[in-house]
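The following paragraphs lead the reader through one protein chain, from its sheets to the packing of its helices. The sequence and the structure are shown first.

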Amino acid sequence: MAGLIRREDVDLVRERARIDEIVSAHVTLKPAGVGALVGLCPFHDERSPSFNVRPSVGRYHCFGCGEGGDVIEFVMKMDGLSFTEAIEYLAGKTGVQLRYEEGGSARPREEPGKRQRLLEAHRVAAEFYAEQLMGPDAAAARAFLAERSFDRSDAERFGVGFAPKGWDALQRHLQGRGFTQAELVASGLMSQGQRGIYDRFRGRVMWPIRDVTGAVIGFGARRLFEDDQGPKYLNTPETSLYKKSHVLYGIDLAKREIARGKRVVVVEGYTDVMAAHLSGVTTAVATCGTAFGADHAKVVRRLLGDTTAGGGLQLKSGASLGGEIIFTFDGDAAGQKAAVRAFGEDQRFFAQTFVAVEPSGMDPCDLRMANGPEAVRALVDGRVPLFQFVVRSKLDEFDLDTAEGRVGALRAAAPIIAGIRDTALRPEYARLLAGWIGTDERAVVREIQRAASTPSLRDAPATAASSGGPAGPGADGDRRPASGGVPQVPAPDPRDPVARDERLALVAVLQYPQHVPPSFDDLGEDAFAVPAWRAVHTAIRAAGGVAAGRDTSAAQWVAAVLDQASETVAGLVTQLSVASLPEDRETAIAAFVEGVVRRVVDMGLMRRVADARSRLQRLDPSDTEAYQAAFAELLAIEAERRTLRESA
């Protein structure tokens, strides 16, 4: 578990990271009124822009899909990062040196600036390798790509390069750029020998491996020459930047489409990722020198937003509720073993898992060369549920024409079905298994029940990789915002004139507290008629009212209100903090804010007058003391209202 980042450092990162600059890397923003920006939402498809950003308060909100938050939450959702990862990423961009809480198992830290130096070394190396690909010594590398139907523009799109055959070509280049030998060894770009350091990658096709933010953190290299005695594929070793169990090649290119379409396609190699993307399957990623595992599953779950217990249901249309994870494997025995391993990781997902295997055994790269990009898309679209593939693969190991073979197949397949996470699916697969084997369905059900009640059978190798249900939010020890799955109080009907006026007043109070009349802070807890707006007003009062808002920045003021708001109201506060006012003249904002707030204060006083008159009418005039007190209260409220109107 990582040590928690100090709260003051988190606040400093939030303050320094300009949300308009961060969002603009993903969304084209245009001015939309005073202090507001708008663009097409990156989290759902839309034709008219409804994604609003207000830099002064450091928040965004989409009025189409409801997504909203601050700059940290945007990076988390956009790039699939955990809270700690998002803070570290933004800290690197803003120059904030983070400190971690003492106690517990603290995150290992490099000396200040070391991570940025290693990232810079990888960036320079990627540029170097890409330049070498066009040189005279890289003919074999260009031929390798051409034989797989990749041209120069394809290589440039994926950053493919070539490592020269010499022992120190990259070393000399990087040292010429000021990098030390210690930095080069720590980066994994160099290896340490008895006579000094030398280039780790020589005479190979090079693929830069990027993290989810797009930073190069390592390389994958493919052997080209017969005299190369190394492995066919060679990757960067484990470093402080590169952890192969956490890395997915192509994630930087696929992340936006994965988040938008709720689908990820896991292929087996670098050229398969290239072929898939060039064929229109832009959610393809691949593991780097290791099998798909638990840490990869965490990355995918964050990008899919895979937190809904109702996920994993395939609809009649063919789509899946909660998203899809599609694994592509070769049709050989190794591919079937990979599918069994993936089945174990299925228990970590709420989304539906599938497998796509080309009957003749071709991978996506071969398929694109042989039959064109349409064949790659058809392979993915023809996916079958992973449970079904694993069971059928297991049945292929037995001779179903014999009684012994059918019994063996049943005993081998029953534990797989007993391990299916969704118990509602088990009866359906029991029926299918009976048909595939050609045996009585009741016997199949009994065997599945026996396997489910016998741990040694239920935890068979097919599901041994699973550690239980999906890891819930916060499982990695991050200090994170409230879950986006918390139900939010719905916004009132905008056609209601009272609700509309009260909403405008709250927008003004959150965005321009310096222009709000002091009388606003005198409003009682029942000043707002609409329950949703009353809840927001309660949070404003708890944060100190506009008197507190005038003494701080707009971003800190909204953050203070959010700290006082319940989880069910937080979304409304964010929405109001970025909403546009129907006044687009900077010079007229102060008067407009004062006017809309006074109108709500006046409405509140009118309700108090009505209540006071009602109490007066219900009193017995013979009760002189009570009657006079109620009458005096009525006169005081009317005087307050008159003063408000005269001051306006």
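Two strands are taken to pair if DSSP finds at least two bridges between them. The structure to which this criterion is applied here is a predicted model.

By that criterion, an open sheet of 5 strands can be traced in the order 1-2-3-4-5, and its pairing is antiparallel. Strand 1 (30-31) and strand 5 (68-70) form the edges of this sheet, each pairing on one side only. At one of these edges, strand 1 is joined to strand 2 (residues 37-39) by 2 bridges, and the two strands run antiparallel. Within this pair, Pro31 has Leu37 of strand 2 as its bridge partner.

Parallel pairing is found further along the chain. In general, strands of a sheet pair through backbone hydrogen bonds, in either the parallel or the antiparallel sense. Strand 13 (residues 263-267) may serve as the point of entry: 4 of its 5 residues are buried, and the strand is thus described as mostly covered. Strand 13 is joined to strand 14 (residues 284-287) by 3 bridges, and these two strands run parallel. Here Val267 stands opposite Ala286 of strand 14. Between strand 13 and strand 14 the chain passes through helix 11 (residues 270-278), and the resulting β-α-β crossover is right-handed. Strand 13 also runs parallel to strand 17 (residues 324-328), to which it is joined by 4 bridges. In this pairing Val265 lies opposite Ile326 of strand 17.

From strand 17 the path leads on to strand 18, since these strands pair in the parallel sense over 5 bridges. Phe327 stands opposite Val355 of strand 18. The same Val355 has a bridge partner in strand 19, namely Val384. Strand 18 and strand 19 (residues 384-385) pair over 2 bridges, in this case in the antiparallel sense.

How far is strand 18 enclosed or left open by the rest of the structure? Of the 5 residues of strand 18 (residues 352-356), 5 are buried, so the strand is largely enclosed by the rest of the structure. The two faces can be considered separately, because side chains in a regular strand alternate between the two faces of the sheet. On one side of strand 18 lie Gln352, Phe354 and Ala356, on the other Thr353 and Val355, and all of these residues are buried, leaving both faces covered.

The helices of a later part of the chain remain to be described. Two packed helices are characterised by the angle between their axes and the distance between those axes. Helix 22 (residues 531-542) packs against helix 25 (residues 567-578) at an angle of about 85°, with the axes 10 Å apart. An angle from 65 to 115 degrees counts as roughly perpendicular, and helix 22 and helix 25 are therefore roughly perpendicular to each other. In their contact, Ala532, Trp533, Ala535 and Val536 of helix 22 meet Val569, Leu572, Val573 and Leu576 of helix 25. By class, the residues of this contact comprise 8 nonpolar, no polar and no charged.

Helix 25 also meets helix 21 (residues 497-511), the axes coming within 8 Å and crossing at roughly 80°. Helix 21 and helix 25 are therefore likewise roughly perpendicular to each other. Arg503, Leu506, Val507, Leu510 and Gln511 of helix 21 make this contact with Val573, Gln575, Leu576, Ser577 and Val578 of helix 25. The contact of helix 21 with helix 25 has 6 nonpolar, 3 polar and 1 charged residues.

Note on methods: Residues numbered from 1 in each chain as written. Predicted model: local features only at pLDDT ≥ 70, side-chain atom pairs only at ≥ 80, totals over all residues. Heavy atoms only, no water. Buried < 20%, exposed > 50% of the residue type's maximum accessible area, 1.4 Å probe, protein only. Right-handed = clockwise from strand over helix to strand, strands pointing away. Axes fitted to C-alpha atoms, helices over the stretch in contact; angles between N-to-C directions. Parallel < 35°, antiparallel > 145°, perpendicular 65-115°, else oblique. Contact = heavy atoms within 4.5 Å. Nonpolar A, V, L, I, M, F, W, Y, C, P; charged D, E, K, R; others polar.
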